[in-house]
Amino acid sequence: MSAPVATATAERVKRSIGPQPGRQTLFLSTPADIATLVAEVEGMRAAKGDPESFLKHDVRFHQVMARAANNKLMSGVMDTIAQLLYAIRRQTISNARDFDEAIDWHQRIVNAMQKGDAKRAKDTLSAHLRAALREAQDECAALRRQVQRRGARLGLRVDAHLAGGQQLQRVRHL
């Protein structure tokens with residue numbers, strides 16, 4: 001499966017279940033759950049210079065939200081999605097443009113949860129997931145163009161895509 005397809009598939013699944021865990025978590029989360037979410041946001045702030053560490057905190061944030069909903073099915077699904085997103089995002093995190101924006105999204109979700117504002121938590125989570133999907137699509141397209149340009153300089157046509165965390169290339173002479 002190519003990176004854009006895998007990313008889009010994972011994001012569609014995450015988006016379809018994302019807002020519901022946020023809504024459930026708001027009412028079922030404990031002070032300890034919210035403290036853990038706050039700690040993950042702080043971990044993201046501290047890891048701005050270390051993209052891989054930043055990504056780990058980002059993924060854990062979403063896993064904690066799913067677990068805090070006290071829904072074993074949701075937690076299991078989110079763990080699976082988190083692994084897939086981590087594998088895909090790890091390929092492109094070094095190209096990330098704005099860690100502060102991601103931190104802001106997560107902080108706004110936590111703030112809404114702390115205030116008991118379910119609608120704002122849900123709306124913010126939904127907007128965050130849409131923005132993350134757009135960024136992932138842009139990164140995959142840029143990577144594909146880069147590989148194709150390099151191939152063209154060598155007189156090759158390169159159809160590049162990411163699959164299963166591995167970059168695969170089909171190369172043909174022009």
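This passage walks through a predicted model, from its overall layout down to one pair of helices and a couple of their residues.

Because this is a prediction, local features need pLDDT of at least 70 and side-chain atom pairs count only at pLDDT 80 or more, while totals for chains, interfaces and linings use all residues. Residues are numbered from 1 along each chain as its sequence is written, and side-chain values use heavy atoms, with hydrogens and water left out.

Start with the overall layout. The protein has seven helices and two strands, where helices (H or I, at least four residues) and strands (E, at least two) are DSSP runs numbered from the N terminus. Along the sequence they follow the pattern α-α-α-α-α-α-α-β-β. Of the 174 residues, 47% count as buried, meaning under 20% relative accessible area, against over 50% for exposed and partly exposed in between (1.4 Å probe, protein chains only). Taking contacts (heavy atoms within 4.5 Å) between residues at least 6 apart in sequence, 64% join residues at least 24 apart.

Next comes the inside. The largest nonpolar core, a set of buried Ala, Val, Leu, Ile, Met, Phe, Trp, Tyr and Cys residues joined through side-chain atoms within 4.5 Å, has 24 residues. Those with the most contacts inside the core are Leu37, Phe54, Phe61, Met65, Ile109, Val110 and Met113. Two or more residues each come from α3, α4, α5 (72–92), α6 (99–115) and α7 (118–153), with α6 giving the largest share, seven residues. In soluble globular proteins, nonpolar side chains tend to be buried together.

Now for one helix pair. Helix α3 (residues 31–46) packs with helix α4 (residues 51–68) at an angle of about 165°, their axes 8 Å apart; axes are lines fitted to C-alpha atoms over the stretch in contact, and angles run from 0 to 180 degrees between N-to-C directions. So α3 is roughly antiparallel to α4, a label for angles over 145 degrees. On the α3 side, the contact is made by Asp33, Thr36, Leu37, Glu40, Val41, Gly43 and Met44, and α4 brings Phe54, His57, Asp58, Arg60, Phe61, Val64, Met65 and Ala68.

Two residues of this contact are worth a look. His57 sits in helix α4 and is buried, with a relative accessible area of 16%. Setting aside neighbours within four places in sequence, His57 is in contact with Glu40, Gly43, Met44 and Ala47. Phe54, not counting residues up to four places away, touches Met44, Ala47, Lys48, Phe99, Ala102 and Ile103.

Conventions: Parallel < 35°, antiparallel > 145°, perpendicular 65-115°, else oblique.
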